[in-house]
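Student: I should like a close look at one part of this structure, with the reasoning set out step by step. Please begin with the term that the reasoning needs, and then show how that part sits among its surroundings.

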Amino acid sequence: MRYRAELESRRTYLALETAHEGISLLNADGNFTYVNREYADLYGYEPGEMIGNHWESLYPAGEADQVHEEILPNVHENGHWQGHTTGLRADGTTFPELHSLTETDDGGLVCVVQDISERQERERELELFRRLLDHSNDSVLVIDPETGAIRDVNDTACRRRGYAREELLGLTVPDIDTEMADRNAWQSHVAELRAAGQLTVDSAHRRRDGSTFPVEINVSYVDLERDYVLAIARDVTERRNRQRRLRESEQRYRTLAEHFPNGIVTLFDDDLEYTLAAGQGFADIPVDPDDVEGHGFDEPWDEATTAALEPAVRAALEGETRSVDLEYAGREWVVRTVPIADERGDIFAGMTVAQDITERKEYQRRLEETISRLEESNERLEQFAYAASHDLQEPLRMVSSYLQLIAGRYEESFDDDGREFLAFAIDGADRMREMIDALLEYSRVETRGDPLEPVELDAVVDDVREDLRLQIDESDAEIAVDSLPRVRGDASQLRQVFQNLLSNAIEYSGDEPPRIDITARRDGAEWIVSVADEGIGIDPADQDRIFEVFNRLHSREKYAGTGIGLALCERILERHGGEIRVDSAPGEGATFSVAIPAANG
């Protein structure tokens, strides 16, 4: 019997020393008579150090008071107590503990202690996790793998299905999932899940009112202390609607895309995956439509092309249209990205239209080079015209001076033929001077003009009529002028234009006193100002010639002039971004119409 008692005692001691909990014995005075290794380690002591010490040394002052005032009376009354306290280690740090006290027959206590720091931390993490899950847009369900019973759910799962939390926790997966007809179907699914560990499945869930909605479910099998299935279900109703609309768009755009000349058309969804790719432009690049369609946005193209296109592609899904110029496969392209929206205006996809502009760019470069050469040539011609006309002035001035001297000193010595010849020479010199002056003025239209700015045409025409007052009075001309607009131009040059037109209208009026109308009408961004007369008119076959330099339709004997006035008008209006044209017939008068850009504001 003694041997058996000793054996039982050794077994008890071994069990106490190998226990995972801290265990101690206190006598009726509250002093330790035994502590196991785990108990001593919890508080940072050696077991021998603790024997004979009072339990108060292991608790902060406030906790010791609570033990005296609340916990010990409870133990003495009920024989047992379990709850949470705070332990004080030898190094002064504290830790949360789960404390169990049982009273012995001699008034002592058996103390069992567990450090629950990690458990509390897990509980805090789980609480935070639950709060996050409750704010998730996805439904989260914890499911019993054996029965399919729903153990736990987040708020979204309840809201999407129309159940209160308590109602949903009383259901099983077959109650809400259209693919799980019964418990056997669920068990088959669990067997597949256990083998794979994780699955993604498409299904539909029932709401409380019996309606259904499509879901994509990520299912995981978790085997911890008690195994369970974690299901995260995403409502894909909108995605399915977008996919349907995208398929409809693909059917609508495919024929157009396949025949799109010199370019490429693609459609892409909100996951930046191409759903359509076609166009004749694929013939010029090392990528086939099959390399694009069904692939992610960044897969078919090189890194530089992807980087150039990505901002525009993403902008399309935000409702913004953009254009990108880039080089690819030795070709130049302009890529336009546009959003695709449904009838409600909701954007569900985007489209790119890439146009090969290599030939157009080359044509533009050649055209720009040609224009540049023409501008240089024109500048040289202007310089030549200016220099030539300027240099001709001096010898012509000398000729005119000596002819005047001859006429003054020797005209009486000439016979009739000599005086006629001298008159011809003087008239020729005068005409030459007028032509040189006109040529000089023509050459200076671009280089000597004032900046273009708002000009009141009423004031311009008033000045012209004042300048031509003598010609108007001598011809008994009647001039009717409408209210004229404000245009953008060079006031001095526009004055030359209307002086030429009004002077010509008077000059070519025929035998009757001139009757002239000046009117204006708006045509988009331009004003059309017309000067109409009732004079001799112009044959349609000659109407282009009248705008050529020194090209006259009538002899100087019949009508005076240099033959450069209308050419000067045309050049001035070209500088203004406008034009001049004539509508006329012989004997029916002429209407000269000038188009001038309207002034802003």
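Tutor: A helix is here a DSSP run of H or I that is at least four residues long, and helices are numbered from the N terminus. The model before you is predicted. With that said, let us look closely at helix α16, which covers residues 469-475.

In this helix, R469 forms a salt bridge with D473, and the closest N and O atoms of the pair are 3.7 Å apart. The two residues are separated by about one helical turn, because they stand four residues apart in α16. Buried means under 20% relative accessible area and exposed means over 50%, with partly exposed in between. R469 has a relative accessible area of 33%, so R469 is partly exposed. D473 is likewise partly exposed, since its value is 48%.

This bridge is one of 22 salt bridges that a search of the whole structure finds. Another joins the side chains of D356 and R331, at 2.9 Å from N to O. That pair links distant parts of the chain, for D356 lies in strand β15 (residues 347-356) and R331 in strand β14 (residues 331-341), 25 residues apart. D356 counts as buried because its relative accessibility is 9%. R331 also meets the side chain of E359 in a salt bridge, at 3.1 Å from N to O. Here too distant parts of the chain are linked: E359 belongs to helix α13, R331 to strand β14, and their positions lie 28 residues apart. Elsewhere, salt bridges connect E332, E362, R365 and R366 in a network.

Let us now turn to helix α15, residues 457-467. R465 has its place in this helix, and R465 counts as partly exposed because its relative accessibility is 25%. The C-alpha atom of R465 is separated by 9.4 Å from that of F498, although the two residues are 33 apart along the chain.

F498 leads us to the interior. The largest nonpolar core has 36 residues, and L457, F498, I518, F592 and V594 are those with the most contacts inside it. Several elements each supply at least two residues of this core, among them α15, α17, β19 and α18. The largest share, seven residues, comes from α17.

Helix α18 is mostly covered, with nine of its 11 residues buried. The buried residues include G565, L566, A567, R571 and R575. Just after α18, G577 takes a positive phi of about 80°.

Finally, consider the surface. E56, D65, E69 and E70 gather there in a patch of negative charge. E69 has its place in helix α4, residues 61-78, and E69 counts as exposed because its relative accessibility is 60%. A nonpolar patch on the surface is formed by Y363, L367 and I371, which together have about 270 Å² of accessible area. L367 lies in helix α13, residues 358-410. At 36% relative accessibility, L367 counts as partly exposed.

To return to your starting point, R469 and D473 are joined by a salt bridge, and about one helical turn of α16 separates them.

Note on methods
Residues numbered from 1 in each chain as written. Predicted model: local features only at pLDDT ≥ 70, side-chain atom pairs only at ≥ 80, totals over all residues. Heavy atoms only, no water. Patch = residues over 30% accessible without salt bridge, like charges linked within 9 Å, V, L, I, M, F, W, Y side chains within 5 Å. Areas by Shrake-Rupley, 256 points an atom, 1.4 Å probe, with all protein chains shown as cover. Salt bridge = Lys/Arg side-chain N within 4 Å of Asp/Glu carboxyl O. Lys, Arg positive; Asp, Glu negative; His and termini not counted. Charge placed at Lys NZ, Arg CZ, Asp CG, Glu CD. Buried < 20%, exposed > 50% of the residue type's maximum accessible area, 1.4 Å probe, protein only. Core = buried A, V, L, I, M, F, W, Y, C linked by side-chain atoms within 4.5 Å.
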